[in-house]
Amino acid sequence: MNITLQVNGVEHQVGIDPGDLLIDTLRENLNLTGSKKGCATGDCGACTILLDDTPVTSCLVLSATAVGKEITTIEGLATNGDLHPVQQAYVDFSAVQCGYCTPGIIMMTVGLLDENPHPSDHEIREGLAGNLCRCTGYSKIMLAVRGAEMTMSEDS
Ligand code: FES
Ligand code: FES
């Protein structure tokens, strides 16, 4: 079947099977390989994207159900070559090591701060609980979220 997906502000016509998962369509049909497929069972968060501004694990979303929704992936965050404040904060606070989890954690952080611009530490931990990182120990990720929070509140 052919569907139209709106990804990072651009319409794409894609030929899919009805059972195709959004993570696979993004990576294999559209060559948007920033989102990672870690577990494919909804447990690691590496495939997190925004669907109508809400973070979702794209390995649990059928591509066909994303028709008519705005899909945002890590590739769509930067504007005019400038990193999104959340991306910049992850760089500035060295919250990236192997980087496998990073696109998903950044997308989750964007969703978290959009919904709650000044979260408590508990709310950050709870918000990122579904995103696993085997490298950083999470303390630098916490600092990066705080850094992004400060930049975004200065900008608003
Ligand atoms: S690949 Fe989707 S949650 Fe792990
Ligand atoms: S930076 Fe390696 S898994 Fe998170």
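The centres of domain 1 and domain 2, taken over C-alpha atoms, are separated by 21 Å in this predicted model. Domain 1 covers residues 2-76 and domain 2 covers residues 85-155, according to the domain assignment of the chain. Where the two domains touch, domain 1 contributes 14 residues and domain 2 contributes 14 residues. On the domain 1 side, the elements giving two or more residues are β3 (48-51) and β4 (54-57), and β3 supplies the largest share, three residues. By character, this side of domain 1 consists of seven nonpolar, five polar and two charged residues.

Strands β3 and β4 also belong to a wider arrangement. Five strands form an open sheet in the order β2-β1-β5-β3-β4, and the pairing is mixed. At the edges stand β2 and β4, each of which pairs on one side only. From one strand to the next, the twist averages 40°.

A walk through the sheet can start at β2 and its neighbour. Strand β1 (residues 2-7) pairs with β2 (residues 10-15) in the antiparallel sense, over six bridges. Valine 7 faces valine 10 of β2 across this pairing. The two strands make a hairpin with two residues between them, and in the turn asparagine 8 has a positive phi of about 50°. Edge strand β2 is hardly covered: of its six residues, the number that are buried is zero. Strand β1 pairs with strand β5 (residues 70-72) as well, here in the parallel sense and over two bridges. Within that pairing, glutamine 6 has glutamate 70 of β5 as its bridge partner.

At the other end of the strand order, helix α3 comes into view. This helix spans residues 102-115, 14 residues in total, and reaches 20 Å from its first C-alpha to its last, close to the 20 Å expected at 1.5 Å a residue. Helix α3 lies across β3 and β4, running at about 35° to β3.

Is this helix mostly covered or hardly covered? Twelve of the 14 residues of α3 are buried, so the helix counts as mostly covered, a residue being buried if 20 or more other C-beta atoms lie within 10 Å of its own. The buried residues include Thr102, Pro103 and Gly104, together with Ile105, Ile106, Met107 and Met108. Further along the helix, Thr109, Val110, Gly111, Leu112 and Leu113 are buried too. The packing partners of these buried residues are the strands β3 and β4 and the helices α2 (85-92), α4 (121-127) and α5 (139-155).

Key
Residues numbered from 1 in each chain as written. Chains lettered and ligands numbered in written order. Predicted model: local features only at pLDDT ≥ 70, side-chain atom pairs only at ≥ 80, totals over all residues. Helix = DSSP H or I, 4+ residues; strand = E, 2+ residues; numbered from the N terminus. Pairing = 2+ DSSP bridges. Domains from an automatic or database assignment. Contact = placed C-beta atoms within 7 Å. Nonpolar A, V, L, I, M, F, W, Y, C, P; charged D, E, K, R; others polar. Expected span 1.5 Å × (residues − 1). Axes fitted to C-alpha atoms, helices over the stretch in contact; angles between N-to-C directions.
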